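Visitor: I would like a close look at a single part of this model. Please take me through the details and then outward to what surrounds it.

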Amino acid sequence: MAAADDLQFEEFGDTATSLAANSDATTISIEDPGETPKHKSGPPRSSRREEDDELLGNDDSDKTELLAGQKKSSPFWTFEYYQTFFDVDTYQVFDRIKGSLLPIPGKNFVRLSIRSNPDLYGPFWICATLVFAIAISGNLSNFLIHLGEKTYHYVPEFQKVSIAATIIYAYAWLVPLALWGFLMWRNSKVMNIVSYSFLEIVCVYGYSLFIYIPTAILWIIPQKAVRWILVMVALGISGSVLAMTFWPAVREDNRRIALATIVTIVLLHMLLSVGCLAYFFDAPEMDHLPTTIATPNQTAAAAKSS
Amino acid sequence: MKSRIRERDSSTLNESVQNTIMRDLKAVGKKFMHVLYPRKSNTLLRDWDLWGPLILCVTLALMLQRSSLDGEEDGGPQFAEVFVIVWFGAVIITLNSKLLGGNISFFQSLCVLGYCILPLTVAMVICRLVLLTEPGPVNFMIRLFVVTLMFAWSVVASTAFLADSQPPNRKALAVYPVFLFYFVISWMILTFIP
């Protein structure tokens, strides 16, 4: 009957067949959010979008911008909220580490590697590795420097691990906090095009500390010249990553304030590396010091007794 | 019928203390065997317990103690430090693996990480025995070799149990902290001076 046919549910077939029939029709596909990680290394897009993406250094910047809005939807007391900060794959962590080791002028580390997906995995474990690298290398270097001495008694100096941990984690969290607060304050006065979230700044600082891990291991070599060359090289690389990341954020500001900010960032970085070198690693020419300390004591004791 | 149910309920309550202890000890011993010969089996994960890790951690911390005769020269880790490093480190690695999306439960992971300290505890015992002879470079090379071997064994054993629970593209991210954890414990063992 006609009435029954009108009430019949009409099957439209799936999108492939209907597209083949009518190629001008626009189709909207709603993707399952669980499938999106597969699309990160997606198929090549049209050339017009490629130019825009190249400036941002990103193949699928549109998608990640959309996803960034969807990501942090869980309330902060659930476990899933913190899982969003660890949503990285192995190759992404390696890419970010490579980006921090090779500062390319013009390409911003945050836009290039982090792409609105700041993670806490990298900063946390790079800092942990750095803590142990500094403590162990310092211990090993002191052992090698004082190797032949009769008066030197080797101790593992385990307390230095906790001191190193305090210093490095405080640097990796408090300096980004101060910088973020400062940038927010300047943003309220001067409209900046580029502004970073707190987690992105923590991420940049964490990954920029990666260069210090091989530096700390190479600091075992007991030559002053070698150590200072290493300090300069490491500071050059990580300082330039930080400077190039934060220059766009202060560029529109008063010239002097912008320069002062960048100089402060690099100075703090240098303070960290020089401070660690001075505290954890004995100077190589100090092996004659125990005898010179002993002789004034002896003369003082002799003067007291007489 | 009622008496039979009551019998079943109080079946482990009425047994002798020796039976209870032996049952738990046998479970712990079976897991030790699984660690020493790591195969892809689920025993460590299915019936997890924290007795084994506790015994191993206390043994390791006690052996890393030095006689505190020389007060300010004592730079080695104290009992509390070793304890905190082992348990705090295991908790952090477990949290890390869960945050990365692994489907292993909290206590299962603690159990695996704790049991895989067994090779390093054996290394500590061997190091202490070797240190009874006179110190020298040969002494050090033997200790270095033993500790390196046991470190590799620990990492392989724990990876065999933990790697399957991670999503495939994040395995390295979850295994690296385990490597760091056992490396730090190996360093503490290697630099031990009586």
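Visitor: Which helices each supply at least two residues of the lining of the largest pocket?

Guide: This is a predicted model. The helices are α8 of chain A, together with α8 (137-162) and α9 (171-190) of chain B. Both chains therefore appear in that list of helices.

Start with the pocket itself. Its volume is about 810 Å³. The lining has 24 residues, and the closest to the pocket centre are A:Phe143, A:Tyr154, B:Phe140, B:Arg143 and B:Ile193. The biggest contribution comes from α8(B), which gives five residues. By class, the lining holds 16 nonpolar, six polar and two charged residues.

Now take the helices around it, beginning in chain B. This chain has nine helices and zero strands. Its pattern along the sequence is α-α-α-α-α-α-α-α-α. Of the 194 residues in chain B, 45% are buried. Among its contacts with a separation of 6 or more, 74% join residues 24 or more positions apart.

Helix α9(B) deserves a stop. It has 20 residues, which at 1.5 Å a residue should span 28 Å. The end C-alpha atoms are 28 Å apart, so expectation and model agree. Because 14 of those 20 residues are buried, α9(B) is largely enclosed by the rest of the structure.

One loop residue also reaches the region of α8(B). B:Pro38 sits in the loop between α2 (17-36) and α3 (43-46) of chain B. Its relative accessible area is 31%, so B:Pro38 is partly exposed. Leaving out residues up to four places away in sequence, B:Pro38 touches B:Trp153 and B:Ala157. B:Pro38 and B:Thr159 are 121 residues apart in sequence, yet their C-alpha atoms are 9.5 Å apart in space.

Next come the enclosed spaces. The whole structure contains six cavities of 30 Å³ or more. The largest cavity has a volume of about 120 Å³. It is lined by 13 residues, of which A:Ala135, A:Ile136, A:Pro156, A:Glu157 and A:Val161 are the closest to its centre. Here α8 and α9 of chain A and α9 of chain B each supply at least two lining residues. The most come from α8(A), with five residues. The lining of the largest cavity has nine nonpolar, two polar and two charged residues.

Two helices of the pocket lining, α8(A) and α9(B), thus return in the cavity lining. The pocket list also has α8(B). The cavity list has α9(A).

The second largest cavity encloses about 80 Å³. Its lining residues are from chain B, including B:Ile93, B:Ser97, B:Ser158, B:Leu162, B:Ala174 and B:Val178. At least two residues each come from α5 (79-99), α8 and α9 of chain B. The largest share, three residues, belongs to α9(B). Six nonpolar and five polar residues make up this lining, with no charged ones.

That leaves α9(A), the chain A helix that helps line the largest cavity. It covers residues 159-189, 31 residues in total, and at 1.5 Å a residue should span 45 Å. Its end C-alpha atoms are 45 Å apart, so the span agrees. There is nonetheless a kink of about 30° in α9(A), centred on A:Tyr171. A:Tyr171 is also among the buried residues of the helix.

The other buried positions of α9(A) include A:Val161, A:Ala164, A:Ile168, A:Ala172, A:Val175, A:Leu179 and A:Leu183. In an α-helix there are 3.6 residues a turn, so residues three or four places apart point the same way. The buried residues of α9(A) pack against α8 (121-145), α10 (198-208), α12 (224-250) and α13 (255-280) of chain A. A:Val161 is buried in α9(A) and is one of the residues closest to the centre of the largest cavity.

Finish with A:Asn187, another residue of helix α9 of chain A. Its relative accessible area is 17%, under the 20% cut-off, so A:Asn187 counts as buried. Beyond its neighbours within four places in sequence, A:Asn187 is in contact with A:Asn192 and A:Ser195.

Technical notes: Residues are numbered from 1 along each chain as its sequence is written. Chains are lettered from A and ligands numbered from 1 in the order in which they are written. This is a predicted model: local features need pLDDT of at least 70, side-chain atom pairs count only at pLDDT 80 or more; totals for chains, interfaces and linings use all residues. Side-chain values use heavy atoms; hydrogens and water are left out. Helices (H or I, at least four residues) and strands (E, at least two) are DSSP runs, numbered from the N terminus. The expected span of a helix is 1.5 Å times one less than its number of residues. The bend at a residue is the angle between axes fitted to the seven residues ending there and the seven starting there. Buried means under 20% relative accessible area, exposed over 50%, partly exposed in between (1.4 Å probe, protein chains only). Contact means heavy atoms within 4.5 Å. On a 1 Å grid over the protein atoms alone, a cavity is a set of points where a 1.4 Å probe fits but cannot get out, and a pocket is an open set with protein on both sides within 12 Å along at least five of seven lines; lining residues have an atom within 4 Å of a point. Grid points are joined across faces, edges and corners, and a volume is the space filled by probe spheres set on the points. Ala, Val, Leu, Ile, Met, Phe, Trp, Tyr, Cys and Pro count as nonpolar, Asp, Glu, Lys and Arg as charged, and the others, Gly among them, as polar.
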